[in-house]
Amino acid sequence: MKHIPCALTIAGTDPSGGAGIQADLKTFQELKSYGMSVITSVVAQNTTGVQAVQDIPPDMIASQLESVLSDMPVDAYKTGMISNIPMMEVIEQKMAALRIPYVMDPVMVATSGDALIEREARAFLRKHLVPLTSLITPNIPEAEFLIDKGIDSTQDMKSAAKELVHTYGAGAALIKGGHIEGDATDFLYDGHDMYAFSAERIHTTSTHGTGCTYSAAITASLSQGIPLVESVKIAKKFITAAIQHASGLGEGNGPTNHWALREEGVKQ
Ligand SMILES: Nc1ncnc2c1ncn2[C@@H]1O[C@H](COP(=O)(O)OP(=O)(O)O)[C@@H](O)[C@H]1O
Ligand SMILES: Cc1ncc(COP(=O)(O)OP(=O)(O)O)c(N)n1
């Protein structure tokens with residue numbers, strides 16, 4: 001029987017469908033990986049912001065992980081919103097021994113400005129989960145927190161990527177350029193070489209869930225055995241089209257369009 005590439009997301013929810021688990025599963029599906037999910041927090045949110053958060057008890061996160069891991073193959077996984085230390089401990093305990101690609105989107109704050117992680121959990125994430133990653137994908141504010149320094153230029157972005165690998169033990173680091181002026185250029189450092197992935201900046205407010213979608217797209221390709229640099233290249237094309245062809249849904253920062261490449265007729 002043919003093996004279907006299987007990708008798992010461990011993250012919070014977005015009932016409006018633009019970010020979190022919902023964005024991840026849509027992305028896995030579009031990129032032809034079988035999607036699975038473990039929910040860390042149920043978040044009442046939409047394009048205007050976060051209205052309420054209900055964290056799932058750590059035991060229940062452990063049970064969900066056991067359900068998936070005891071029965072299903074997982075070829076690659078990603079984490080998104082992990083709001084507190086007990087959740088991180090469970091993820092570390094269940095996932096550390098797995099020798100499969102792990103992409104961490106170190107989610108801290110939503111586009112709306114709402115915090116999605118407890119303050120004291122940030123340092124724990126850096127110490128315990130970052131060293132398990134194959135790739136970490138911070139935006140600029142997240143990278144600034146992780147390295148404890150300001151990032152004001154492309155040179156700073158490149159230095160941050162190197163520091164995340166060499167000082168904090170990430171397998172590779174992709175610093176995203178959504179939050180700096182100029183073209184939307186992201187820098188990937190894999191421990192040896194630096195790569196730039198660039199797209200023209202699109203003038204839009206439809207950026208809700210861009211980080212979730214981008215990291216899920218990378219995870220999908222990694223689950224198919226595609227090498228890291230090529231996976232990021234595919235994902236950059238996917239997220240750029242998704243922003244470009246956003247539907248303008250919602251009253252606030254709208255979701256991206258996960259089927260944009262399919263609509264464009266681009267063969268994936
Ligand atoms: N306005 C934009 N035009 C084109 N690409 C963008 C735009 N905003 C973000 N991106 C791209 O979307 C991806 C997610 O980046 P970013 O918005 O920085 O992440 P996050 O959603 O985690 O804040 C990156 O590839 C970034 O370069
Ligand atoms: C449940 C959940 N997880 C993550 C985010 C933040 O998503 P991100 O892709 O960084 O996009 P923005 O919201 O910052 O655009 C979220 N909102 N909800």
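Ala, Val, Leu, Ile, Met, Phe, Trp, Tyr, Cys and Pro count here as nonpolar, Asp, Glu, Lys and Arg as charged, and the others, Gly among them, as polar. This is a predicted model: local features need pLDDT of at least 70, side-chain atom pairs count only at pLDDT 80 or more, and totals for chains, interfaces and linings use all residues. Residues are numbered from 1 along each chain as its sequence is written, while chains are lettered from A and ligands numbered from 1 in the order in which they are written.

**Exercise 1.** Describe the shell around ligand 1.

Solution.
- Start with the nearest residues. A residue is near a molecule if its C-beta atom, placed from the backbone, lies within 6 Å of it. Of 19 such residues, Asn 139, Lys 176, Gly 178, Ala 184 and Gly 211 come nearest.
- Then assign elements (DSSP runs numbered from the N terminus: helices are H or I, at least four residues; strands are E, at least two). β9 (184–189), α7 (210–223) and α8 (228–244) each give two or more residues. α8 gives the most, four.
- Last, sort by class: six nonpolar, nine polar and four charged.

**Exercise 2.** Do the same for ligand 2.

Solution.
- Ligand 2 has 20 residues around it, with Gly 12, Gly 20, Thr 111, Gly 211 and Cys 212 the closest.
- β3 (41–46) and α7 each supply at least two. The largest share, three residues, is from α7.
- The classes are eight nonpolar, 11 polar and one charged.

**Exercise 3.** Characterise the annotated domain.

Solution.
- An unreviewed UniProt entry places "domain: Pyridoxamine kinase/Phosphomethylpyrimidine kinase" at residues 14–257.
- The end C-alpha atoms of that span lie 15 Å apart. Its content is 39% helix and 18% strand.

Notes
UniProt positions renumbered as here; feature names shortened; annotations may be inferred.
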